[in-house]
Amino acid sequence: MQVIRNGNVLIDGQLKKVDVLFDEKEILDIREKIECDCPEVDASGCVVLPGFVDVHVHLREPGFTKKETIRTGTKAAAHGGFTSIFCMPNVIPYPDNVKTMEDYLKLIEERSVVHTHPYACITKSEASKEVVDMKAISKLGIHWYSDDGVGVSSEKIMKEAMECARENQAMIVAHTEDMAYRKPKACVHESEITASKGWLGIPSACESAQLIRDLKLVEETKSTYHACHISAKESVEALRQAKKKGLNVSGEVTVHHLLLEDKDVQGPNWKMNPPLRSHKDRMALIEGLEDGSLDFIANDHAPHTEEEKSRPMEVCPFGIVSLETCFPLLYTQFVKKEKRWTLAQLVSWMSTKPAIRFGLDKVGKIQKGYSSDFVIINLEEEYTIDSNDFESMGKNTPFNGWDVFGKVKQTIVSGNTVWKG
């Protein structure tokens, strides 16, 4: 057993000066003063929050270990305060069958320092031609299916996948992208701003058209559906209308889409898929998160090598790293500076709500009986983001040099400290 003392603990949306007693399984007690002869965690000057949950992380292993590994990616998660993550299935071999998934689960168990839940593919090899055997894979405890990195191009196959998911109490987690809208070498949002720089653009319909198709299929199949990295105002509105119909749908938004726009793009470290869009799109995302049309925040942590990101804009890979900068960026901008959000709102979007939506039991709150997963943060400590300090192998971030508040001091997973700064 251990006890956290001297910190301001977020409980039911309020910061309270209490002690928290826990072991490697759960929170045992929360009181103003806990008398016990056990090791102490000193949280003086800090807040104690439930560990963050990220449902969209690329760990790259197996298959792409020059970019990231399970060990480095989960250490990056811990550095950022994340105690539970979901890793995307666009690795090699694809986790699209029972044997490969069993091997993948063993690898994660051996190398991860945080709770890591893998997705299985929706279709074999993410090729949009054949739905995986969800009945067999779900017996392994895998309830989340995604072809992230590509959209499921066949409407017939997607409908079949949704029906299979419904039958197996699973969720379809979709990267919506209709490649008919994306020309070769397109790399940024389609706008006058990006066109003036000589870059070929990707229209918002590339995302929203397939999302709208999927939402119609959800209505037909009565399935459970989650939309990845929403970036366009049309997509926010489509989800808003779907929820008004009572469909079991949700959507996430990334830090970079909440903070940056097409006018901010300077080069490869600002290239991500979906791209940074217009000011109107960004404001629609913020408002959509606030009114519940979007459900929570995810990262789409996508590490690449320095060599890959040094290639010309048109041919370098999409994606940025973000696990280690998420909380301080959002806290600094929306809680401390704009005072638009409360700390409790931000934590709900980064922990409580994703945990509930993705079925994580007793995760996302500091409450007796809940998992002993915490992050301890000094909200008043200001520092400059330096990618050289990242635990991630990827250094590809547009936020290098930004001054932020909210330094993660300690991350505890299942009662054990996995990161301490």
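Student: Why does A161 count as buried?

Tutor: In this predicted model, A161 has a relative accessibility of 0%, and buried means under 20%, so A161 counts as buried.

Student: Where is A161 found, and what is it in contact with?

Tutor: A161 is found in helix α4. Once its neighbours within four places in sequence are left aside, A161 is in contact with I122, V131, M134 and I172, where contact means heavy atoms within 4.5 Å.

Student: How do you know what span is expected for α4?

Tutor: The expected span is 1.5 Å times one less than the number of residues, and for the 13 residues of α4, 155-167, this comes to 18 Å. The helix reaches 19 Å from its first C-alpha to its last, which is close to that expectation.

Student: Which residues of α4 are buried, and what makes them line one face of the helix?

Tutor: The buried residues are I157, M158, A161, M162, C164 and A165. Seen down the axis of α4, these buried residues fall within an arc of 165°, so they line one face of the helix. The face turned away from this buried side carries K156 and E167, which are exposed, a word that stands for over 50% relative accessible area.

Student: What covers the buried residues of α4?

Tutor: The cover includes the helices α3 (134-138) and α6 (205-221), together with the strands β12 (171-174) and β15 (224-227).

Student: What makes S154 a cap for α4, and what is found just after the helix?

Tutor: A side-chain oxygen of S154 lies 3.4 Å from the backbone nitrogen of K156, at the N-terminal end of α4, and this can be set against the limit for a polar contact, which is within 3.5 Å. Just after α4, Q169 takes a positive phi of about 50°.

Student: Turning to the sheet with β8, β9 and β10, why are β8 and β10 called edge strands?

Tutor: The three strands form an open sheet in the order β8-β9-β10, with parallel pairing. Both β8 (52-57) and β10 (115-118) pair on one side only, and that is what is meant by calling them edge strands. On average, neighbouring strands of this sheet are turned by 20° against each other, direction ignored.

Student: How do you know that β9 and β10 pair?

Tutor: Two strands pair if at least two bridges are found between them, and β9 (residues 82-87) has four bridges with β10, in the parallel sense. I85 has T116 in β10 as its bridge partner.

Student: Which helix lies across β8 and β9?

Tutor: Helix α12 (residues 343-357) lies across these two strands, running at about 70° to β8.

Technical notes: Residues numbered from 1 in each chain as written. Predicted model: local features only at pLDDT ≥ 70, side-chain atom pairs only at ≥ 80, totals over all residues. Heavy atoms only, no water. Buried < 20%, exposed > 50% of the residue type's maximum accessible area, 1.4 Å probe, protein only. Arc of directions from axis to C-beta. Polar contact = N/O pair within 3.5 Å; in protein donor to acceptor, adjacent residues only side chain to side chain. Axes fitted to C-alpha atoms, helices over the stretch in contact; angles between N-to-C directions.
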